[in-house]
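Please look over the structure below before reading on. The text then goes from the whole of one chain to single residues.

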Amino acid sequence: MLTKDQIAQRIAKEVKNGQYINLGIGIPTLVANYIPDNLEVVLQSENGLLGIGPFPTEDQIDPDLINAGKQTVTMAKGSALFNSAESFAMIRGGHVHLTILGAMEVSENGDIANWKIPGKMVKGMGGAMDLVASADNIIVAMQHCSRSGESKLLTECSLPITGIRCVKKIVTDLAVLEISDQGGFVLKERAPGVSVEEIQSKTAGKLIIEGDIPEMIFE
Amino acid sequence: MINKTVKNAREAVADIPSNCMLMMGGFGLTGIPENCISALLERDITGLTIVSNNAGVDDFGIGLLLKKRMVKKMISSYVGENAEFERQLLSGELEVDLIPQGTLAERVRAGGAGIPAFYTPAGVGTEVAEGKESREFYGKMYLLESWLKADFSIIKAWKGDTAGNLIFKGTARNFNPMMAAAGKICIAEVEELVEAGELNPNEIHTPGIYVQRIFQGKDYEKRIEQRTVSK
């Protein structure tokens, strides 16, 4: 099984040179730590920053400079600042190439649920609905099963959804999967030491297995 | 130049009545109008509807207005991190309208720009779409969303001049510029107020036409929600 950092490390391999990328809160934020130095990418924060830099040192902290998770950040070289309407114009306009975010559930046709649990206090969707409705490439980072052991990869989402038919790829602690255009989770890679049978038993939606499924390799 | 200057926060918010619609700038606690929030707390008004991306925290920002039961309804995208908010919501004292963040920003922008409605893909197929007109353009579905306007918009900038021109700093810009235009009366508090002519016109983010009242604030706390440092 992969740790959260290993999930992030595996997702970082999907990043391509020249991309503008929006990273959600949680595991997606960790992806920034694993993007190879030889790639030139720009991280977008939907509260109005292109070019998120590392977290500040104590003497660099600026309360007027935060990311969408309200954490203090710095600006990378060549950054730009803008208002929230402009920020979402970038997102809806298709200028952000890749969105990486967490999820509570994903369905086999690419629907995602990640904002609301009935019976619990609703905190709001923030920018998630805008992001999933707009990005061309959406990768979900999540655990394969919930804490109570229920599969999070379903035929249909049981929770209120955030967006329809939008997820392209999922990286969990057990596997890398792609959403088939015809519906279904196409198994692409296994976590080291995890069997196809285990992934099958923990995937409630339709799992498509074609040929030998390679193990992920971590340097 | 038309002089927009008022003496202080107390004077700026003196005529805000009960039961009106307010917009308040800020994302989290960054770029919030701290001085005007303090001045509003001294007013004996209730029943406010507040458009703001977030609702502050228990003891700072809009959280203070909630605690004093001045707010009837919040229109926001994310309202976590506030126990008093949760209590009032569950007890039915407070209404909340949750809106996708980009839709919220664009509805405010549209209000200030005279565009009554627009189509957006955010929320298609979700409960946000319930009761809304949807329509297909170029093979993709979109929802019809309407503008938002307010009786007063209360915003915070870094620098301003007596003509109401504003410059923001860092990510404290966020919703402030659109809200300036979407309020019938826009109150801007700034960290540094200078005479008209002293700011470089090339560097103005929000032109003074949108601002009706401006003053230099004081004692900014600029509280940090998630102090995160490099190891």
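What follows describes the fold of one chain, one of its helices and some of its charged pairs.

This is a predicted model. Chain B contains six helices and 11 strands. Its radius of gyration is 18 Å, close to the 17 Å that the globule rule gives for 231 residues, so chain B is as compact as a globular protein of that length. Along the principal axes, the C-alpha atoms of chain B fill a box of roughly 50 × 50 × 40 Å. Of the 231 residues, 56% count as buried. Among contacts in chain B with a separation of 6 or more, 72% are between residues 24 or more positions apart. The exposed area of chain B is about 9800 Å², and carbon and sulfur atoms supply 48% of it. Chain B has 27 positive and 30 negative charges, and their mean positions are 1 Å apart.

Helix H2 of chain B, residues 34-41, is mostly covered, with six of its eight residues buried. These are B:Glu34, B:Asn35, B:Cys36, B:Ile37, B:Ala39 and B:Leu40. The cover over the buried residues of H2(B) includes helices H1 and H3 and strands E1, E8, E10 and E11 of chain B. B:Asn35 serves as an example from this helix. B:Asn35 counts as buried because its relative accessibility is 13%, under the 20% cut-off. Beyond its neighbours within four places in sequence, B:Asn35 is in contact with B:Ala9, B:Glu189, B:Phe215, B:Gly217, B:Lys218 and B:Tyr220.

Next come the charged pairs. Side chains of opposite charge can pair when their charged atoms come close. Over all chains, the structure holds 24 salt bridges. One of them is between A:Asp64 and B:Lys222, at 2.6 Å from N to O. A:Asp64 lies in the loop between strands E3 and E4 of chain A and B:Lys222 in the segment after E11 of chain B, so this pair joins two chains. Both partners are buried: A:Asp64 has a relative accessible area of 3%, and B:Lys222 has 18%.

B:Arg223 forms a salt bridge with B:Asp59, with the closest N and O atoms 2.9 Å apart. This pair links distant parts of the chain, 164 residues apart: B:Arg223 is in the segment after E11, and B:Asp59 is in the loop between strand E2 and H3. B:Arg223 is partly exposed at 27%, as is B:Asp59 at 41%.

A third salt bridge, between B:Glu84 and B:Arg87, has an N to O distance of 3.2 Å. Because they are three residues apart in helix H4 of chain B, B:Glu84 and B:Arg87 are separated by about one helical turn. B:Glu84 is buried at 15%, whereas B:Arg87 is partly exposed at 36%.

Technical notes: Residues are numbered from 1 along each chain as its sequence is written. Chains are lettered from A and ligands numbered from 1 in the order in which they are written. This is a predicted model: local features need pLDDT of at least 70, side-chain atom pairs count only at pLDDT 80 or more; totals for chains, interfaces and linings use all residues. Side-chain values use heavy atoms; hydrogens and water are left out. Helices (H or I, at least four residues) and strands (E, at least two) are DSSP runs, numbered from the N terminus. The radius of gyration is taken over C-alpha atoms; the globule rule is 2.2 Å times the number of residues to the power 0.38. Buried means under 20% relative accessible area, exposed over 50%, partly exposed in between (1.4 Å probe, protein chains only). Contact means heavy atoms within 4.5 Å. Accessible areas come from the Shrake-Rupley method with a 1.4 Å probe; for residues, only the protein chains shown count as cover. Lys and Arg count as positive and Asp and Glu as negative; His and the chain ends are not counted. The place of a charge is taken as NZ of Lys, CZ of Arg, CG of Asp or CD of Glu. A salt bridge is a side-chain nitrogen of Lys or Arg within 4 Å of a carboxyl oxygen of Asp or Glu.
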